[in-house]
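Work through these short exercises with the structure in view. Try each task before reading its solution.

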Amino acid sequence: MEVLKTCVLRRNACTAACFWRSTVIRKLPVRRISTTCPRSTVMPAWVIDKYGKNEVLRFNKNMMLPIIHYPNEVIIKVHAASINPIDVNMRSGYGATALNMKRDPLRIKTRGEEFPLTLGRDVAGVVMECGLDVKYFKPGDEVWAAVPPWKQGTLSEFVVVSGNEVSLKPKSLTHTQAASLPYVALTAWSAINKVGGLNEKNCTGKRVLILGASGGVGTFAIQVMKAWDAHVTAVCSRDASELVRKLGADDVIDYTSGSVEEQLKSLKPFDFILDNVGGSTETWALNFLKKWSGATYVTLVTPFLLNMDRLGIADGMLQTGVTVGTKALKIQPVIEQTFPFSKVPEAFLKVERGHARGKTVINVI
């Protein structure tokens, strides 16, 4: 009888245990394992597959999205970009040898592996992703940047840049306005400050001559020089005279009304000459510098990259600036025309024709 009672108790205990386990198992929450929506791996971009004239531009809606390779990089969603003369020249193959050396210093890749190549040097947009070492930006920040010519450009939905090539966009500027400034600002700043040695402390009363004053670099340079109290003489065509005067130019010389060289002879010599034109100006511009005074002539139309294409790799170094302007300067963006993203080839033709009155900007969004 005791044995039978023990068996019954054990059976009841077993049944109770099984029931308890079953109850607990039913009440435990079910862990649902899920994944996020698959991220798109392609984006629209304007690219070239070979060097040539404007017909080499191709719209590619399946360009691979850029990824972060180094911890100091950020990915920017492009809201606006702009086109500079260097983009037109790069489309035609200008500097290809030098730039490919920068892209591939060990010469591992075969010829033509830079394609498909995205052009565009300026960008304004929003940070989407940051590398592990990026401390000054976070996703959602509105930024602007100038991308070096050996990197993939900004005429695309997204672009990856190094942290030292980007800074927070001034809140007073729209994306369209901001995209008109970085590359020309760096170019002008390097010429004026780094090469010319001019700054807000030593520029007062200096006589400055700007050749090609109505383009992107010229319009920026006028404003910087006037902010530093220099006397600015601007050379441009008659229909751009009003523009450069509004930006602050003291004297304006119309190159369509006669020889610029002859017109300059009636003016006092200059402390600094910024040449955005090149060509024949290089043969006579030096004659208008002050003698024995440390005056400086800077030309932005250099044959360096072109000579490297023709003669091979020579001694030299490619550099890019890392500082965009200064908070003390209030620069007015000068935009001649904006184009939608679908009209990039038309924008290239506009820049290629020359006679710019400021910048040509592409609204990507």
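The exercises below concern a predicted model.

**Exercise 1. Overview**

Task: State how many helices and strands the protein chain has, and what share of its residues is buried.

Solution:
- Start with the secondary structure: the protein chain has eleven helices and 15 strands.
- Turn to burial: 44% of the 365 residues count as buried.
- Then take the surface: the accessible area is about 20400 Å², and carbon and sulfur atoms hold 57% of that.

**Exercise 2. An open sheet**

Task: Find the order of the strands in the open sheet of three strands, and say which stand at its edges.

Solution:
- Read off the order: E2-E1-E4, with antiparallel pairing.
- Count partners: strand E2 (57–64) and strand E4 (117–118) each have a single partner strand.
- Conclude: E2 and E4 stand at the edges, so one side of each lacks a neighbour in the sheet.
- Look at one pairing: two bridges join E1 (residues 42–48) to E4. Val47 stands opposite Thr118 in E4.

**Exercise 3. Two crossing helices**

Task: Decide how helix H5 (residues 182–195) is oriented relative to helix H6 (residues 216–227).

Solution:
- Take the geometry: the two axes come within 9 Å and cross at roughly 55°.
- Apply the cut-offs: under 35 degrees would be roughly parallel, and 65 to 115 roughly perpendicular.
- Conclude: H5 and H6 are therefore oblique to each other.
- Add the handedness: the crossing of H5 past H6 is right-handed.
- Name the contacts: residues of H5 including Val184, Ala188 and Ile192 meet a set in H6 that includes Val217, Phe220 and Val224.

Note on methods
Residues are numbered from 1 along each chain as its sequence is written. This is a predicted model: local features need pLDDT of at least 70, side-chain atom pairs count only at pLDDT 80 or more; totals for chains, interfaces and linings use all residues. Side-chain values use heavy atoms; hydrogens and water are left out. Helices (H or I, at least four residues) and strands (E, at least two) are DSSP runs, numbered from the N terminus. Buried means under 20% relative accessible area, exposed over 50%, partly exposed in between (1.4 Å probe, protein chains only). Accessible areas come from the Shrake-Rupley method with a 1.4 Å probe; for residues, only the protein chains shown count as cover. Two strands pair if DSSP finds at least two bridges between them. Axes are lines fitted to C-alpha atoms, for helices over the stretch in contact, and angles run from 0 to 180 degrees between N-to-C directions. Angles under 35 degrees count as roughly parallel, over 145 as roughly antiparallel, 65 to 115 as roughly perpendicular and the rest as oblique. A crossing is left-handed if the near helix is turned anticlockwise from the far one by less than a right angle, and right-handed if clockwise. Contact means heavy atoms within 4.5 Å.
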